[in-house]
Amino acid sequence: MSSPAVAFRLTVAAALLGAGWLAIPLSASAQTVLPEHAPLPLPPDPAEWQSGAGRAPEIRAQLSPHRQTVLSSELAGKIVELPVKEGERFKSGQVLVALDCAEHKARLDRARAQEDAAGKKLEIIGRLEKLNSVSRIEMDDALAQLAMSKAETALNQVYVSRCAILAPFAGRVAAKHVQRYQFVSEGEKLLELIDDGELELEMIVPSHWLTWLAPGQTFQVRVDEIGRSYPAEVTRLGARIDPISQSVKVFGRIAGNQDGLLAGMSGSVEMPVPVPAVAGASAGGGSGR
């Protein structure tokens with residue numbers, strides 16, 4: 001076989017092999033990049049359910065704090081007070097973190113002194129203006145100096161107020177990211193807080209439950225961590241349906257004493273799900289007459 005013919009056959013073979021080898025990994029890649037969803041259990045078949053063979057899908061619920069937030073530093077500085085530990089309770093308005101504020105306080109004192117001087121200067125110019133001894137430009141300049149001094153004082157007051165970080169609500173420290181005497185930068189996370197005064201239940205249910213589920217619906221939730229069941233009720237429904245899993249978020253609250261419960265605990269929901277009507281049941285009953 002001539003060299004050009006051999007080269008041509010090798011080129012064709014390489015092209016076919018290349019197409020084949022490319023097709024396999026592309027197909028595999030397309031499968032792996034598909035989003036993996038964990039759909040809720042399918043709703044029971046009405047016929048099986050009514051006959052007792054079917055059962056409602058298992059619903060899981062999680063306890064979440066009523067409010068939660070992450071406190072971050074609004075200033076760069078050294079932490080001089082950090083009185084709370086992780087897990088400890090605090091009151092609303094309590095100082096949780098205090099930064100070294102000597103520099104900002106000094107700037108505030110200077111701004112106040114400048115404001116005081118600008119005020120006295122304006123007072124003198126005002127007297128001279130009555131004697132027609134100063135121009136209007138000098139009067140306007142004195143007014144502007146006083147306004148700028150007041151603005152500088154207000155700005156430094158804001159900085160000083162940020163040196164002490166107060167608790168926005170009563171609750172517990174969920175996490176502590178810094179230590180006393182540590183230098184922190186602006187925007188750095190300090191503490192994670194939760195308001196566990198009244199824990200909230202969150203659960204995902206099939207969206208077709210909205211035909212009968214409404215706020216005020218009572219149910220039981222069994223908390224796995226402590227092995228106890230609590231009465232609960234639905235407080236509100238989610239604002240939208242997940243179009244892929246055909247599910248909706250539902251919120252509830254545990255009625256009565258919540259001692260021993262912690263945010264993050266989870267359990268199973270025992271919801272009195274209505275038994276759906278079996279299609280054609282009435283027709284079947286009519287045929288038996």
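## A nonpolar patch on the surface

Ile124, Leu128 and Leu131 come together as a nonpolar patch on the surface, and their accessible area adds up to about 290 Å². Please keep in mind while reading that this is a predicted model. Of the patch members, Leu131 is worth a look of its own: this residue sits in the loop that links helix 3 (102-130) to helix 4 (136-161). Its relative accessibility is 63%, so Leu131 counts as exposed.

## How helix 3 meets helix 4

The loop that holds Leu131 leads from helix 3 to helix 4, so to speak of one is to ask about the other. How do the two helices run relative to each other, roughly parallel or roughly antiparallel? Their axes come within 8 Å and cross at roughly 160°. Angles over 145 degrees count as roughly antiparallel, and helix 3 and helix 4 are therefore roughly antiparallel to each other. As for handedness, the crossing in which helix 3 passes helix 4 is left-handed.

## Salt bridges within the helices

Side chains of opposite charge can pair when their charged atoms come close. With a salt bridge taken as a side-chain nitrogen of Lys or Arg within 4 Å of a carboxyl oxygen of Asp or Glu, the count for this model comes to 13 salt bridges.

One of them is in helix 3, where the side chains of Arg107 and Glu103 meet at 2.7 Å, N to O. These two residues are four apart in helix 3, which means that about one helical turn separates them. Arg107 has a relative accessible area of 36% and is therefore partly exposed.

Helix 4 offers a pair with similar spacing: Asp140 and Arg136 both lie in this helix, four residues apart, or about one turn. Their side chains form a salt bridge with an N to O distance of 3.2 Å. Asp140, at 37% relative accessibility, counts as partly exposed, and Arg136 is partly exposed too, with a relative accessible area of 48%. Elsewhere, Arg89, Arg172 and Asp196 are joined into one network by salt bridges that share partners.

## A salt bridge between strands

Which parts of the chain does the salt bridge of Asp195 and Arg67 tie together? The side chains of Asp195 and Arg67 meet at 3.1 Å, N to O. Asp195 belongs to strand 9 (residues 189-195) and Arg67 to strand 2 (residues 67-72), so this pair ties together parts that are 128 residues apart in sequence.

The two partners can also be described by their accessibility. Asp195 counts as buried because its relative accessibility is 9%, under the 20% cut-off. Arg67, at 40% relative accessibility, counts as partly exposed.

## Positive phi in two loops

Finally, here are two residues with backbone angles to check. Tyr181 is not a glycine, yet it has a positive phi of about 75°. Tyr181 is found in the loop between strand 7 (171-176) and strand 8 (183-184). With 54% relative accessibility, Tyr181 counts as exposed.

Gln246 is not a glycine either, and its phi is positive at about 55°. Where does Gln246 lie? Gln246 is in the loop between strand 12 (228-242) and strand 13 (247-254). Its relative accessible area is 45%, so Gln246 is partly exposed.

Definitions and conventions: Residues are numbered from 1 along each chain as its sequence is written. This is a predicted model: local features need pLDDT of at least 70, side-chain atom pairs count only at pLDDT 80 or more; totals for chains, interfaces and linings use all residues. Side-chain values use heavy atoms; hydrogens and water are left out. Patches are made of residues with over 30% relative accessible area and no salt bridge: like charges are joined within 9 Å, nonpolar side chains (Val, Leu, Ile, Met, Phe, Trp, Tyr) within 5 Å. Accessible areas come from the Shrake-Rupley method with a 1.4 Å probe; for residues, only the protein chains shown count as cover. Buried means under 20% relative accessible area, exposed over 50%, partly exposed in between (1.4 Å probe, protein chains only). Axes are lines fitted to C-alpha atoms, for helices over the stretch in contact, and angles run from 0 to 180 degrees between N-to-C directions. Angles under 35 degrees count as roughly parallel, over 145 as roughly antiparallel, 65 to 115 as roughly perpendicular and the rest as oblique. A crossing is left-handed if the near helix is turned anticlockwise from the far one by less than a right angle, and right-handed if clockwise.
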